[in-house]
Protein chains: 2
Amino acid sequence: MRVRDDDLDAVTTVEHEDDAYLGEINDIVGFHIRLAHGACYRHFTETFTDLELTQKQVSVMWLVADHPGISQIDLGQKLRMDRATTMTIVNRLQARHYLRREKSPTDGRKQALYLEPAGEAALAEAKKAIREHENWVKSRFTDAEVKTLMELLARIHE
Amino acid sequence: MRVRDDDLDAVTTVEHEDDAYLGEINDIVGFHIRLAHGACYRHFTETFTDLELTQKQVSVMWLVADHPGISQIDLGQKLRMDRATTMTIVNRLQARHYLRREKSPTDGRKQALYLEPAGEAALAEAKKAIREHENWVKSRFTDAEVKTLMELLARIHE
DNA sequence: CTGGGATTGTATGCAATACAAACGAATAGG
DNA sequence: CCTATTCGTTTGTATTGCATACAATCCCAG
């Protein structure tokens, strides 16, 4: 939102700050969503290097903990992932003995997912790290702004 | 933010809407950023199937157009990508003759990037599609809300 | 002017995510 | 009972991201 005069001589060795002049692309909402997501993703990754968990993996464990016996398809719908993507994530978590699959007693096509003890422990650790990560995000906002931001974002993903 | 009673019997065949009860994870800001980004990304991809361009590719072409002769490192800094990632994207665009590399006259280490005619044409098409995509995003907000959202998001990515 | 350190581009490899297409097993509905 | 649909699975492909290593170039101290 600021005017700079280096439009035509960007080829020269002008020092750019981090938020240097970007051009009209700066007015695109999707552009800011992508950058914000990237910043969040990077900080999340740093916070979770010790736990070796990704956002998706934590989300899946969290949802399985809140919905024991959930099927992969329901999991995927809640997190907006297709079946194949859900598979690979569940596979990884199962390989690490963080959760297990059982045949659903009510529908033979479905798998019922449950956290294993190791998964419960990992999720507990993850929630601590999440709290830290959330504080990092929220540190730049008032409570009212956080509320506003979540409402606006929710409107995008329905 | 609504209470549902299927916490304990999610294993039964309960119909879930898209925004079905998620649990406490629903209060995590990062979670909503990720979902909103995913929704944006999917709509973007649909809008751009004909052009065969990704968000990153469009962003790179757009910035090169606004900053002719920009180096890869400056490009990467503006879009928060590391050198290797920037490389692969520039490689792909160069292979499609959308942009070209020239040695920078002022710094022998740098490449100066310029759009090729095919790239100008593709970018012009892309901007039309972006407009459509932006309308999709903005359709659920007032102008004031859009402004608020962008300001809040900008605070996250600095 | 020269040598060492920093920067830039390049190349390679690995991991995570995303989606499409296909298949088999199981279910649901007429 | 037959057919269409759903769910899980497998396979393949593409994009993105990061780490590492290397060569060329630049910059600065001495």
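How many salt bridges does the structure hold over all chains? Taking a salt bridge as a side-chain nitrogen of Lys or Arg within 4 Å of a carboxyl oxygen of Asp or Glu, the structure holds 16 over all chains. This is a predicted model, in which local features need pLDDT of at least 70 and side-chain atom pairs count only at pLDDT 80 or more, while totals for chains, interfaces and linings use all residues. Residues are numbered from 1 along each chain as its sequence is written, chains are lettered from A and ligands numbered from 1 in the order in which they are written, and side-chain values use heavy atoms, with hydrogens and water left out.

One of these salt bridges joins Glu24(A) to Lys127(B), with the closest N and O atoms 2.9 Å apart. The pair crosses between chains, running from the segment before H1 of chain A, where Glu24(A) sits, to helix H5 of chain B, which holds Lys127(B); helices here (H or I, at least four residues) and strands (E, at least two) are DSSP runs, numbered from the N terminus. On a scale where buried means under 20% relative accessible area, exposed over 50%, and partly exposed in between (1.4 Å probe, protein chains only), Glu24(A) counts as partly exposed at 42%, and Lys127(B) counts as partly exposed at 22%. Across the interface of chain A and chain B the rule finds 4 salt bridges.

Other salt bridges lie within a chain. In chain A, the side chains of Arg100(A) and Glu102(A) meet at 2.8 Å, N to O, and Arg100(A) is partly exposed at 29%, as is Glu102(A) at 32%. In chain B, Glu102(B) forms a salt bridge with Arg100(B), again with 2.8 Å between the closest N and O atoms. Salt bridges that share partners join Arg100(A), Glu102(A) and Glu116(A) into one network.

The interface itself can be described by its residues and by its area. With contact meaning heavy atoms within 4.5 Å, chain A contributes 60 residues and chain B contributes 60 residues. The size of an interface is often given as the accessible area lost when the parts come together. By that reckoning, in which buried area is the accessible area (1.4 Å probe) that two parts lose on being put together, summed over both, chain A and chain B bury about 6,500 Å² between them, 64% of it on carbon and sulfur atoms. Val29(A), Arg34(A) and Ile156(A) supply 10% of the area that chain A buries against chain B, more than any other three residues.

The rule also finds 20 residue pairs in polar contact across this interface, both residues being at pLDDT 80 or more; a polar contact is a pair of N or O atoms within 3.5 Å, where within protein one must be able to donate a hydrogen and the other to accept it, and residues adjacent in sequence count only if both atoms are side-chain atoms. Helices H1 (29-47), H2 (55-66), H3 (72-79), H5 (117-138) and H6 (143-156) of chain A each supply at least two residues of the side that touches chain B, and H1(A) gives the most, with 12 residues.

How are the two chains related? Two copies of a chain are related by a rotation about an axis and a shift along it. Here a rotation of 180° with 0.0 Å of shift along its axis superposes chain A on chain B, with an RMSD of 0.1 Å, and that is the relation of a two-fold axis; the copies are superposed by least squares on the C-alpha atoms of residues with pLDDT of at least 70 in both. Since 98% of the interface residues of chain A are also interface residues in chain B, the copies meet through the same surface.

Helix H3(A) shows how one element is enclosed, for 6 of its 8 residues are buried, namely Gln72(A), Asp74(A), Leu75(A), Gly76(A), Lys78(A) and Leu79(A). These buried residues pack against H2, helix H4 (83-95), strand E1 (99-103) and strand E2 (111-115) of chain A, together with helix H1 (29-47) of chain B. Thr86(A), in helix H4 of chain A, is buried at 1% relative accessible area, and Thr86(A) touches Gln72(A), Leu75(A), Gly76(A) and Met81(A), not counting residues up to four places away in sequence.

In chain B, Val146(B) lies in helix H6 (residues 143-157) and counts as buried at 9% relative accessibility. Leaving aside residues up to four places away in sequence, Val146(B) touches Val29(A), Lys138(B) and Phe141(B).
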